[in-house]
Structure formats: structure tokens, C-alpha cells
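Biologist: I would like a close look at one part only, the salt bridges. Please take me through them pair by pair, and tell me how covered the partners are.

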Amino acid sequence: MVAVFVQGVDTSATETKGTVLIHSADQLQNYAKTEEARVEELIKAVAESGAKVIVSGGAVGDMALHFCERYKLMVLKISSKFELRRFCRTTGAIALLKLSQPNPDDLGHVDSVSVEEIGGTTVTIVRNEEGGNSIASVVLRGSTDSILDDLERAVDDGAMCKDSRIVAGAAATEIELARRLKEFAFKETGLDQYAIAKFAECFEMIPRTLAENAGLDAMEIISSLYSEHSSGNTKVGIDLEDGSCKDASTLNVWDLHITK
């Protein structure tokens, strides 16, 4: 369970300024113990509510962090309000303004929270797969900023696409289109037949480029693809790792239908 607090995890400041007169060491010690007991009471109340993770949108006090460690509570700090709203939407939690005991309806749910390293950067990964969550994070990596910008635009175009239909990737769709166009060309007469056949050859550029970039024999790969598709295996594409032709659906390689 996850509890989210917008203003941070620390003692609440008073709305007005006040002055506390301390005349002895005992009064100073009692004043410090009172503040410490109050923070412990709040953290203990959060732990007793069933929460295992506290997410803070503000500062986390040292004393509060000490008691979170005592009650085995994990603390995450998310400074961005956008990311905090996204986190609440992902986990189903309700953000509370100040540190207090949350109600069961205010708590969110996650499967696991872990700290991992991706590309030399330490990141906190929150997984929530069993609850039917529809939000996911996409991590993009590239050698230059321009490549990352192109990847970001490609992901944005794919995510914003209203047509969710997909087709087999790995050049399977292109080869199938080329095969059907060539069959259609044989049914035509005159010069149109040659024009359609040449247009069909244009679709071979995608599998040829994929094969050449992977260091494979492009002619052999294209011939194998035509052979598989002629046998009715219309989803067979190029497996660049094995250097062979395999069913793209089993490889989970897909393309958007609208781009084809």
C-alpha cells in the first residue's frame, strides 16, 4: 500500500509566528521530546493504516525519516507535481495535503517498488501490473540528442494514434504487399503490368535494408520471405538476432496499421 502526501513528510508549521520562553534545561528537553513524540505518533499512524511506502511531494524531515526507518516504511520524494499526479493515477492513491493517518480509500496499491540501474543512471521503478493498470513508462536511449528527439516524436506519434490496429512488423507486411502486387500485375496486360511489378519491388527496400544493416544476405532473406508468404505464412518477418525468418507475432514485433 502507498500513502501520498503533497506538502511533505515533516511537522506542520503554524500559521502564525509565536515565541516560546524556556527558563530551564528541563523545559527545553521536554519541548524537544514533545515534538519528537508528535512526529512518531504521525508516522506510527501511517504505518498502522497498512501503508508500506510513503511518497512525499515536499521535503522529508530528518526526524520523520528516522521514524520511517524504525517502522519499516519506504520513502520516495517526487518534487514534480505532474509526476506526483501521474503516480497517484497509476497507483489509485489520493494525495493528502499534510502528514496524517490516511483512510483505507486514500491508499494506493503497487506490486513492487525497487531501485535499479538503467544505462548508468539509478532510477526507482514502480510496478503495478496485476491491478489492470493502463499506464506505462517508456525509457528511450540514444547516442545523440537528435536521435532521442526523433525517438520521442515517434513514440508520441504512436501513443497519440487514434487507430489502434496493428500489423505484423519485421518487414512481414511489406513482403506480403509486394507479393500480392506481383500477383495482381500478372493479371494485367500491356505496360501496366510492368509498372505494377516495378512498384511491388519498391516494398522490398524495407526487408533489404533490414538485412543489410544486420549483415545478412539480403537476396537470401527476401527469397525466404517470399517462400514463406507463398505458403500462407503471412506474418513471417526477419529475426535480426538469429538471422532467419520467423513469425513476427511470436517475436512481438508489430507496426501501426495507419503507417502502412
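Modeller: A salt bridge here is a side-chain nitrogen of Lys or Arg within 4 Å of a carboxyl oxygen of Asp or Glu. The structure holds 11 of them. This is a predicted model, in which local features need pLDDT of at least 70, side-chain atom pairs count only at pLDDT 80 or more, and totals for chains, interfaces and linings use all residues. Residues are numbered from 1 along each chain as its sequence is written, and side-chain values use heavy atoms, without hydrogens or water.

Start with Arg179. Its salt-bridge partner is Glu183. The closest N and O atoms of Arg179 and Glu183 are 2.7 Å apart. Where do Arg179 and Glu183 lie? Both sit in helix α5, residues 172-186 (helices are DSSP runs of H or I, at least four residues, numbered from the N terminus). Arg179 and Glu183 are four residues apart in this helix, about one turn.

Now look at cover. Is Arg179 buried or exposed? Arg179 counts as buried because its relative accessibility is 15% (buried means under 20% relative accessible area, exposed over 50%, and partly exposed in between, with a 1.4 Å probe and protein chains only). Glu183 has 41% relative accessibility, so Glu183 counts as partly exposed. The pair therefore joins a buried Arg179 to a partly exposed Glu183.

Move on to Arg208. Arg208 forms a salt bridge with Glu204. Here the closest N and O atoms are 3.6 Å apart. How are the two partners covered? Glu204 counts as buried, because its relative accessibility is 10%. Arg208 has a relative accessible area of 24%, so Arg208 is partly exposed. In this pair, the acid Glu204 is the buried partner, and Arg208 is the partly exposed one.

Next comes Lys246. Which residue does Lys246 pair with? Its partner is Asp242. The closest N and O atoms of Lys246 and Asp242 are 2.4 Å apart. Lys246 is partly exposed, because its relative accessible area is 32%. Now go back to Arg179 and Glu183, where pairs link up. Salt bridges that share partners join Glu176, Arg179, Arg180 and Glu183 into one network. So the bridge between Arg179 and Glu183 belongs to a wider set, which also takes in Glu176 and Arg180.

Terms used. Helices (H or I, at least four residues) and strands (E, at least two) are DSSP runs, numbered from the N terminus.
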